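Colleague: Could you take me through a single part of this model slowly? Please explain each term when it first comes up, since I am still learning the vocabulary.

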Amino acid sequence: MTTGPAPPARMGKAAVWALGMLAVSTGALESVVSPTLPLLQRELDMTPAEGALLNIVLAVTGALVTPLAGKFGDRYGGKRVLIRLMTVVSAGGLVSSLAPSLPVLLLGQILQGAMVGALPLSFIVVRKHLPIGESKVAIGLVSGMFVGGSMVGMLSAGPVAEALSRHWMFALPTFAVIGFTLLVNRLMPPDAPGRPDGAGIDWPGLLLLSGILVTLMLVFALAPDAGSQPLVLGALLVLLAAFVAGWLAVERRAAAPLVDLRMLARPVIWKSCVVTFVMCLGTAMGVYLVPQLLDASGDGYGFGAGPTAIGFILLPGAVAATLAGPAGGIGERRFGPRAVVTTAAVLMAVALLTLSVAHTEIWHIVVGKALIALANGLCVTAMVTSIASSVDESDTGIATSLVLVTRVLGSAVGGMLGGALLTSGVPSGSDVPAESAFVTGFLIAGVVASLSLLVVRTMSKGVKE
């Protein structure tokens, strides 16, 4: 008599909460730059465009690591790859904590970007060890706690940087990441590797995607000086188009593509990716512009706030983002993805458009940032949980990584666009961007968020399409 393979061990509550606390720690490490970015710009003598680069380089690395993490997790087991990935994150946090200059700090942020790949790996493990209903709640919990970790980072970064130094604001959450990684390794049951497909890693696709992202960052960095360097900017745009065309050609032919374009062609996937990109672009512009506006001391605008004050002002947004994770998962299961994402898109558009005309009082900033964070959390969580339950279990890592890659791409474009606007908006002889630069940034992001409703209205009301 032949017996089938033993079912995977059920994940206990302690393991779920250990995974959640690891998400909190990585979220805190990810968020320390945002409230202290003006301080870092002064200490390391950075321009607004360089500050925007520092603000998004972690997300750019995540865009490259996430598809590989999902693929390796599906192939070799989520827990095994997760632990190795968090080792890289820990090394990056230690490099950032010891960084004496901008190049070294950028290196640390690049290594920390591996943390973005931890989310699809967590989803793989959860899907394998919990029933579908419980897995949706657990995915929402982990997503929400990752976002909620930003609350810890935002609250602690400013006081730690001012009382100790900028080095310690990276070191403390890194120590937490190391501790909870060890706890997850002890409590999490191992998951069996997937069935090998015999295909290798799509290294050409990875290199071409890297070229796309680096070239895109250079385009935004040079955009403020386009008038003095039109040929250089034109050459970069041609190079960007060549990278995109080459990457699409490689991905279509690859036996195991970095990004499965055939899966991306499914309506439920590409619609989710478009909406996620737009929402994260708006979020990233808000995340970058708001601390800069709080730090600025312009004529009739800005608040001259320090890192600690900025952290407290941003706190309600972090709380809203924390609640949005579980709410997005529950809302998607009860009302379907379209209802949740429609609500998120409307909130995002209203918040950004309102900030473009009302940003002279602290409460304007607090409410606007909280609505942006709430909208982003609802959207991303609803999209991830919807896709995770719409594909085969063996494709969970690849499918959710598509949305998460789109998330970091939207964040990268939004952050660099915000930096380019502020750099070009600094009047001659001044160090402070003009108020019109902030207005333009909020307005552009709000209009783009409004346009996302054109895609949202075509989405399925249910979980599957």
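Modeller: Four cavities of 30 Å³ or more are counted here, a cavity being a set of points on a 1 Å grid over the protein atoms alone where a 1.4 Å probe fits but cannot get out. This is a predicted model, in which local features need pLDDT of at least 70 and side-chain atom pairs count only at pLDDT 80 or more, while totals for chains, interfaces and linings use all residues. Residues are numbered from 1 along each chain as its sequence is written, and side-chain values use heavy atoms, with hydrogens and water left out.

I will look closely at the second largest cavity, which holds about 70 Å³ of space, where a volume is the space filled by probe spheres set on points joined across faces, edges and corners. Its lining, meaning residues with an atom within 4 Å of a point, consists of L19, L22, A23, T26, L82, M115, A118, L119, S122, V142 and F146. Three helices (DSSP runs of H or I, at least four residues, numbered from the N terminus) each supply at least two of these residues, namely α1 (13–31), α6 (118–129) and α7 (132–163). Helix α1 gives the most to this lining, with four residues. By character, the lining of the second largest cavity divides into nine nonpolar residues, two polar and no charged, where Ala, Val, Leu, Ile, Met, Phe, Trp, Tyr, Cys and Pro count as nonpolar, Asp, Glu, Lys and Arg as charged, and the others, Gly among them, as polar.

For contrast, charged side chains do appear elsewhere, and the structure holds two salt bridges, each a side-chain nitrogen of Lys or Arg within 4 Å of a carboxyl oxygen of Asp or Glu. In one of them, the side chains of R42 and D295 meet at 3.1 Å, N to O, and this pair links distant parts of the chain, with R42 in helix α2 and D295 in helix α12 (residues 267–295), 253 residues apart. R42 has 52% relative accessibility and therefore counts as exposed, whereas D295, at 19%, is buried; buried means under 20% relative accessible area, exposed over 50%, and partly exposed in between, with a 1.4 Å probe and protein chains only. Another salt bridge joins the side chains of R166 and E43 at 3.0 Å, N to O, linking helix α8 to helix α2 across 123 residues. Here R166 is buried, at 9% relative accessibility, and E43 is partly exposed, at 48%. As for helix α2 itself (residues 33–43), nine of its eleven residues are buried, so this helix is largely enclosed by the rest of the structure.

Note on methods
Helices (H or I, at least four residues) and strands (E, at least two) are DSSP runs, numbered from the N terminus. On a 1 Å grid over the protein atoms alone, a cavity is a set of points where a 1.4 Å probe fits but cannot get out, and a pocket is an open set with protein on both sides within 12 Å along at least five of seven lines; lining residues have an atom within 4 Å of a point.
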